[in-house]
Amino acid sequence: MSDAAVLAVTDLTVTIGTRRGPARAVAGVDWSVRAGETLALVGESGSGKSMSVLAATGLAPRAARVTGQVRLLGTDFTASSPDRRRRMRGRHVGFVFQDPMTSLNPVLTVGRQVAEAGEEHLGLTRRAARARAVELLDLVGIPSAAQRVDAYPHQFSGGMRQRVVIAMALACEPDLLIADEPTTALDVTTQAQIVELVADLQRRLGTAVVWITHDLGVVAGIADTVAVMYAGRILEQGPVDAVFGQPAHPYTTALLAARPDPAAGGGDLVTIAGAPPSPLALPAGCAFWPRCPVRGDARCEHELPPLRPVSTRHHVRTFYPQHADGRAGHE
Amino acid sequence: MSEQTVGRSEGSLRRALSALRHDPLALTGSAVLVLLVVVGVAGSWLAPYGVNDVDVDRMLQPPSGAHPFGTDELGRDVLSRVMVAARVSLQVGLVSVGIALVVGVTLGLFAGYYRGWLDNVLMRCMDVLFAFPVLLLAVAIVAVLGPGLLTAMIAIGVVYTPIFARVTRAGVLSVREQVFVRAAVSIGASDLRIMRRHVLPNIAAPLIVQTSLSLAFAILSEAALSFLGLGVQPPAPAWGRMLFDGRGFVTDAWWLGVFPGAAIFLTVLAFNLVGDALRDVLDPRQLTVNEARRSTG
Amino acid sequence: MARFVIRRLLQSGIVLLGVTLVVFLLLQLVPGDPVRVALGTRFDPQTYEALRARAGLDQPLVVQYFDYLRRALTGDLGVSFRSGRPVTSIVLERLPATLSLALTAVLFALLIALPLGILSAMRSGSFVDHAARVFSQFGVSVPDFWMGIMGILLFAGVLGWLPPSGYVALTEDPARWASHVALPAATVGLVTASILTRFIRSSMLEVLSEDYVRTAEAKGLRTRVVVLRHVLRNALIPVVTVVAVQVASLLGGVIVIEVLFAWPGIGRLTYDAVQARDYPVLQGAVLLVAALFLLVNLLVDILYARLDPRITVR
């Protein structure tokens, strides 16, 4: 399976040097995504979901130390030179970031920003890249793209800007699209449109997608596989039907319960009490233990549970996997 | 309500002090300032010679055991003159920044608090003062009022007033919209009371920073004025004037150029180091008005 | 854009009006009779009356001001108390010397500050960064005239490479102009460079942390392209303003430096006018400088609006 993977990450760790000591932002994660497939990375902010992807693609901040193995399109990405990694970014991996208001350069026209990746990686002339930019803007549904290509970012609404960012990411028809909470900063109607747009483009172009989000509603709609992250580790991963249908980790169960349910009239928002541990001082045992509703025994506090299978492709990191009926049980 | 505001201003003072304690550069700056104040207050007693002890037999002597900073063209002891002149620099710096602080803060408070036409008129006046390069305006004012210690203080005070008015007004504009100010208005507190008790303590941080940095620039301005002969008048010693008088001799008597200038440099550096440390702690995002403003004139 | 320009023009006009009032009032603040003070020992009743009448001092204050304003608008700034020559031509004669010094100094400053500021931001925490910070702290604290004296001591005294002071017009002999301008321009330039270095560094740091820089990196652009096209273009917009403010205040004549190096510019003229109590010349120099200052600021704001596409719609 990992042969066909577009991007595969093995035992990835990210340590960030801070003034108060090293912070373990990502503490050993494995995941992979295949062509045409969507992997959703789910977690609260600070869970390491974005950092793992940024680190895997060589975009981690300078203060970060990254270890582990990353294979992109069959090549060892971590062992590649910085220049080779740069050439693969943009060409084979496209990025859509969270806030379309800040992820576009205010002093360049959108056309210029969409065109520049094509000039860099495909050797397009300025004129050809511009024509391509018009095509791309049209593809992502920007009306009268031929005129709008010369407009500046501030002349677009948030949703339209995110479409521009998507056009930018798709400029070189990448094999992988990384979407880092691309809908969080948008209003609900626009969110749905952007999700729909990405899903549609994925079907047409066969792109693999890594979708980073804390919105479980989005995940259920578009993802094939899901990985739930907490304090830099994966707590549960597997096919989306298995993980959402039979959540085995108390944290996943709690997240699903905390999801606002429109069917229930959008009633009370259930939240999980407490806060995640500081990445400066991760506990020896299960990081979720202090907030865990199950709180099995002293082993949870002192020993890190391994990631173990509950079915063929469904893995969970807990000593107390939940049963389908929601009760905790001991294996 | 008032506990909250008082708490905040105490907080900024406490943070300021602890910042100075933990930053080696700021600590050095503070130490220099303490030394300076001691010399400024007791300079005439500490100085080994009288500032105007003319001795033509010993003129233009290089630094030696008897005269560590050498002697000038009239045989006066340079060290003694540098020590006594510290008082003038500190005095002009403190008084002129005091004038700028009081006048500028008052204008800025009223402009920011009442807005409307008063704000417009006051700030346009500040714009007018801002249209002149700092030293040029100071020179013009002194030229008109006649040179001397008092007029130098007034001139420098006037020149630095707009900066304080702008910093204050910007602070007031953001503070006056906050809940505790609106609450004070709603319970019918008088405008003056609200400004004093609620607004002022909450804009203390940028003002402390501005004061410290302005002291550095005011002392530089005083040195420049006295270099031009527009500061304290001879025979009283002033650092800038000593450089002016010595400039014709420097190629033969380097000590006349080196020591008074080093005194100005160290003083200004000390105020800048302390001011920068305060800014880092109290007001990290403050616009660098000062740096943009400091004209080399 | 047009509306923006018109609004800024109006604002500058109002401020300029205020400037003329301040400059006019300067003369009124002179204790006693300025003409009598100016003439001093050369007093003779005939000259006295002529100068008073020429300066309009025998009129009521309001009349005097509007008279001053009307004549200033036609380029008539009165006559020198000393030489009797028109102030306007006296002041304009000094402009080339000041201009050549100011522009050389700013050029010198930019040559230092641009690479230093950019490098120190891009290699934050490195040796270059520390050096840049020490340099900028030194520059804002050192009195420029002291640095000038030290320069004379070293380059004119010890090494004997450069003349200690004096002026040769650029049009007259470029080589000798260069040798004379070197010391004063380097003195002023170093101070300016330290201010600009600090500003460029912080502006660069701010832009480097922007999301759109990460977007540009995510596109796989070369570092050179990211820095030149995405970072510098944004970081230098505010720098333009600061550079212009520096140029404007240098045009005001670097009084102390011009006095120290006997450089016959506006600053030196101001100093001489103060010494001679030649108030009309002082007024004229101050007015011209302030007007230039406002003009440069106006041009910068318009330039700024062209550089930053967001401004015009605000």
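Helices here are DSSP runs of H or I with at least four residues, and strands are runs of E with at least two. Keep that in mind for the exercises below, and remember that this is a predicted model.

**Exercise 1.** Work out how much helix and how much strand there is over residues 86-275 of chain B, and where that stretch comes from.

*Solution.* Start with the record: an unreviewed UniProt entry lists residues 86-275 of chain B as "domain: ABC transmembrane type-1". Next, check the secondary structure, which comes to 83% helix and 0% strand over that stretch. Its end C-alpha atoms sit 20 Å apart. Now zoom out to the whole of chain B: there are twelve helices and zero strands. For packing, 54% of the 297 residues in chain B are buried. Finally, look at the contacts between residues at least 6 apart in sequence: 72% of them join residues at least 24 apart.

**Exercise 2.** Find out which pair of chains has the most contacts, and which chains do not touch.

*Solution.* Two pairs of chains touch, and the pair with the most contacts is B and C. Then try chains A and B: these do not touch, and their nearest C-alpha atoms are 15 Å apart.

**Exercise 3.** Split chain C into its domains and describe the side of domain 1 that touches domain 2.

*Solution.* First, the bounds: domain 1 covers 1-82 and domain 2 covers 88-307 of chain C. Taken over C-alpha atoms, the domain centres are 31 Å apart. Across the boundary, 25 residues of domain 1 of chain C meet 19 residues of domain 2 of chain C. On the domain 1 side, helix H1 (2-29) and helix H2 (34-39) of chain C each supply at least two residues. H1(C) gives the most, with eleven residues. Sort that side of domain 1 by residue type and you get 17 nonpolar, five polar and three charged.

**Exercise 4.** Explain why strand S10 of chain A counts as largely enclosed, then trace its partners.

*Solution.* Begin with burial, for which the cut-off is 20 or more other C-beta atoms within 10 Å. Six of the seven residues of S10(A) (residues 233-239) are buried, so the strand is largely enclosed by the rest of the structure. Now the partners. S9(A) (residues 225-230) pairs with S10(A) in the antiparallel sense over six bridges, with A:Thr225 bridged to A:Pro239. Two residues lie between these strands in the hairpin, where A:Ala231 takes a positive phi near 50°. S10(A) also pairs with S12(A) (residues 315-317), again antiparallel, over two bridges. There, A:Gln237 stands opposite A:His315.

Key. Residues numbered from 1 in each chain as written. Chains lettered and ligands numbered in written order. Predicted model: local features only at pLDDT ≥ 70, side-chain atom pairs only at ≥ 80, totals over all residues. Domains from an automatic or database assignment. Contact = placed C-beta atoms within 7 Å. Nonpolar A, V, L, I, M, F, W, Y, C, P; charged D, E, K, R; others polar. Buried ≥ 20, exposed ≤ 12 C-beta atoms within 10 Å, placed from the backbone. UniProt positions renumbered as here; feature names shortened; annotations may be inferred. Pairing = 2+ DSSP bridges.
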